[in-house]
Amino acid sequence: MTATETGAESQAPAALTTAGLTPFQRAKAIVGGSAGNLVEWYDWFAYSSFALYFAPHFFPKGDTTAQLLQTAAIFAVGFFARPLGAWLMGLYADWKGRRAALAVSVGMMCAGAFAIAVLPDARHIGALAPVGLLAARILQGLSVGGEYGASATYMSEMAGRARRGFWASFQYVTLIAGQLLALAVLVLLQNVMDRPALEDWGWRIPFVIGAVLAVVVFWIRAGMDESPSYHAAKAEGAERARTMMLFAHYPRESGIIFVLTAAGSLAFYAYTTYMQKFLVNTAGFSKDAATALTAVALVVYMAAQPLFGWLSDKIGRRTTIAIAFLGGTIATYPVMSAIATGPSQGVALSLVILLLVLLSGYTAVSGLVKAELFPAHVRALGVALPYAVANALFGGTAEYVALWFKDTGAEAGFYVYVSVIMAAGFLVAVRLRDTNRHTLIKED
């Protein structure tokens with residue numbers, strides 16, 4: 001598809017627009033999508049946040065680094081289930097509607113969280129314990145793989161053209177809030193429970209909370225309004241999404257999403273989920289201090305998302321993404337090297353915040369810019385599948401690769417790795433079309 005064709009299509013009249021939505025309907029759509037996204041990512045990140053506590057239960061042999069390597073490997077396998085979930089839920093969202101796909105995805109996450117909460121450990125069932133943990137993570141991977149595409153598509157379509165960057169940024173606000181909520185539960189349990197109790201059975205509590213919240217959100221999502229874009233595509237009789245259609249007609253768009261996601265996901269997991277372990281294992285902070293530092297940094301990061309989303313509506317999403325990846329390319333090595341020296345808590349916090357604020361230029365609009373590249377009838381699949389594949393290959397393996405570099409005594413190699421992939425993202429971003437003007441989301 002050429003730029004001329006894209007521009008012409010973006011000016012085509014819509015069969016149904018979001019302009020007819022009342023402010024209450026628009027707010028309900030954003031809040032409903034956000035609430036489910038928060039619970040999805042809370043459940044997903046609860047695994048990473050509590051890995052320091054439950055790793056010995058499922059992998060009792062070896063030192064802390066060896067145990068974390070094994071839990072990180074299962075974390076990575078969960079990511080590799082995401083492309084399958086993205087493919088299935090992307091097709092389902094384009095065929096049956098965004099709302100239906102969102103309800104199914106959160107139901108699957110509920111089942112995975114509950115399974116981890118009640119799973120016996122290696123003391124009781126031996127080698128079956130890590131197998132059970134792996135199965136639960138695969139189920140959660142299928143869920144999150146489907147969640148991203150449906151959520152990004154739904155919130156982008158419901159946002160309205162004038163403030164689309166601002167409203168769509170709440171996808172990452174809630175993603176970060178989910179991670180922050182998982183950390184908040186960790187901090188609370190660290191302060192109200194004795195350490196032996198927390199290490200023995202208290203780590204199961206967050207997974208029970210996640211399962212219960214998922215039930216509530218399932219009910220909320222079942223009552224949300226469907227996207228006008230989906231209704232318009234259905235009314236126009238658009239061809240149903242097919243997997244080969246994506247690669248036959250939109251190979252460039254799929255490639256763009258793959259590279260942008262590779263850079264953004266690798267940086268995100270390096271700066272957030274791995275950072276908590278990096279602060280403990282490399283910088284020498286206590287577990288409690290690392291958790292507190294990570295939580296404060298995430299609050300700042302979350303608050304930055306709407307600001308960068310608003311900024312993207314003014315200067316363009318291509319510009320904010322390019323700045324984010326260029327900044328990350330330059331800053332990752334020196335910043336992580338400085339953190340590794342074990343500075344004061346204030347300095348470490350400032351350095352982590354610097355990385356996260358730079359990354360916000362991408363994360364605030366990542367789902368939106370991907371949705372703007374595809375027409376409605378194939379949008380959910382187009383957003384979800386290349387994203388999930390890249391996320392599995394680069395985001396899902398981030399912790400494992402980082403720990404592998406550390407285990408071999410060449411930890412700085414990980415900093416170089418992140419910088420190189422972000423440089424590739426920058427080169428793609430600067431050639432991205434201006435989706436603020438040439439968007440395939442037709443609705444105003």
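**Exercise 1. A leucine at the surface**

Is L393 buried, partly exposed or exposed?

*Solution.* Start with the source of the coordinates: this is a predicted model. Next, place the residue. L393 lies in helix 21. Now take its relative accessible area, which is 40%. Buried would need a value under 20%, and exposed a value over 50%. L393 is therefore partly exposed, at 40%.

Then look at its partners. L393 joins F80 and V389 in a nonpolar patch on the surface. Together the three residues have about 240 Å² of accessible area.

**Exercise 2. The chain as a whole**

Describe the chain by its helices and strands, its burial, its contacts and its surface.

*Solution.* Step one: count the elements. The chain has 23 helices and zero strands. Step two: check burial. The chain has 444 residues, and 59% of them count as buried. Step three: turn to contacts between residues at least 6 apart in sequence. Of these, 87% join residues at least 24 apart. Step four: take the surface. The chain exposes about 15,800 Å². Carbon and sulfur atoms supply 69% of that area.

**Exercise 3. Two ring pairs**

Classify the ring pairs F258–F394 and Y333–Y415, and say where each ring sits.

*Solution.* The chain has 15 aromatic pairs. Begin with F258 and F394. Their centres are 6.2 Å apart, and their planes meet at 80 degrees. An angle over 60 degrees counts as edge-to-face. F258 and F394 are thus an edge-to-face pair.

Now locate the two rings. F258 is in helix 15 (residues 251–271), and F394 is in helix 21 (residues 379–395). They are 136 residues apart, so the pair links distant parts of the chain. F258 is partly exposed, at 28% relative accessible area. F394 is buried, at 18%.

Go on to Y333 and Y415. The ring centres are 5.8 Å apart and the planes stand at 75 degrees, so this pair is edge-to-face. Y333 belongs to helix 18 (residues 317–340) and Y415 to helix 23 (residues 412–429). The two are 82 residues apart. Y333 counts as partly exposed, at 39% relative accessibility. Y415 counts as buried, at 5%.

Finish with the wider group. Ring pairs join Y333 and Y415 with Y274, F278, F414 and Y417 in a cluster.

**Exercise 4. The salt bridges of R317**

Which residues does R317 meet in a network of salt bridges?

*Solution.* Recall the general idea first. Side chains of opposite charge can pair when their charged atoms come close. The chain has five salt bridges.

Step one: take D313. Its closest N–O distance to R317 is 3.1 Å. Step two: take E372. Here the closest N and O atoms are 3.0 Å apart. E372 sits in the loop between helix 20 (366–371) and helix 21, while R317 is in helix 18. The two are 55 residues apart. Step three: join the bridges. D313, R317 and E372 form a network.

Last, check burial. Both E372 and R317 are buried. For R317 the relative accessible area is 2%.

**Exercise 5. Another salt bridge**

Where in the chain are R195 and D288, and how far apart are their closest N and O atoms?

*Solution.* The closest N and O atoms of this salt bridge are 3.8 Å apart. R195 is in helix 11 (residues 195–200), and D288 is in helix 17 (residues 287–315). In sequence they are 93 residues apart. R195 counts as partly exposed, at 40% relative accessibility. D288 also counts as partly exposed, at 36%.

**Exercise 6. One face of a helix**

Where do the buried residues of helix 22 fall around its axis?

*Solution.* List them first. In helix 22 (residues 398–407), A398, E399, A402, L403 and F405 are buried. Now look down the axis. These buried residues fall within an arc of 155 degrees, so they line one face of the helix. Here is the general background. An α-helix has 3.6 residues a turn, so residues three or four places apart point the same way.

Then step past the end of the helix. Just after helix 22, G409 takes a positive phi of about 80 degrees.

**Exercise 7. Far in sequence**

What is the C-alpha to C-alpha distance between P251 and G382?

*Solution.* P251 is found in helix 15. P251 and G382 are 131 residues apart in sequence. In space, their C-alpha atoms are 9.9 Å apart. P251 counts as partly exposed, at 48% relative accessibility.

Methods:
Residues are numbered from 1 along each chain as its sequence is written. This is a predicted model: local features need pLDDT of at least 70, side-chain atom pairs count only at pLDDT 80 or more; totals for chains, interfaces and linings use all residues. Side-chain values use heavy atoms; hydrogens and water are left out. Rings of Phe, Tyr and Trp (its six-membered ring) pair if their centres lie within 6.5 Å; planes under 30 degrees apart count as stacked, over 60 as edge-to-face and the rest as tilted. Helices (H or I, at least four residues) and strands (E, at least two) are DSSP runs, numbered from the N terminus. Buried means under 20% relative accessible area, exposed over 50%, partly exposed in between (1.4 Å probe, protein chains only). The arc is that of the directions from the helix axis to the C-beta atoms. Patches are made of residues with over 30% relative accessible area and no salt bridge: like charges are joined within 9 Å, nonpolar side chains (Val, Leu, Ile, Met, Phe, Trp, Tyr) within 5 Å. Accessible areas come from the Shrake-Rupley method with a 1.4 Å probe; for residues, only the protein chains shown count as cover. A salt bridge is a side-chain nitrogen of Lys or Arg within 4 Å of a carboxyl oxygen of Asp or Glu. Contact means heavy atoms within 4.5 Å.
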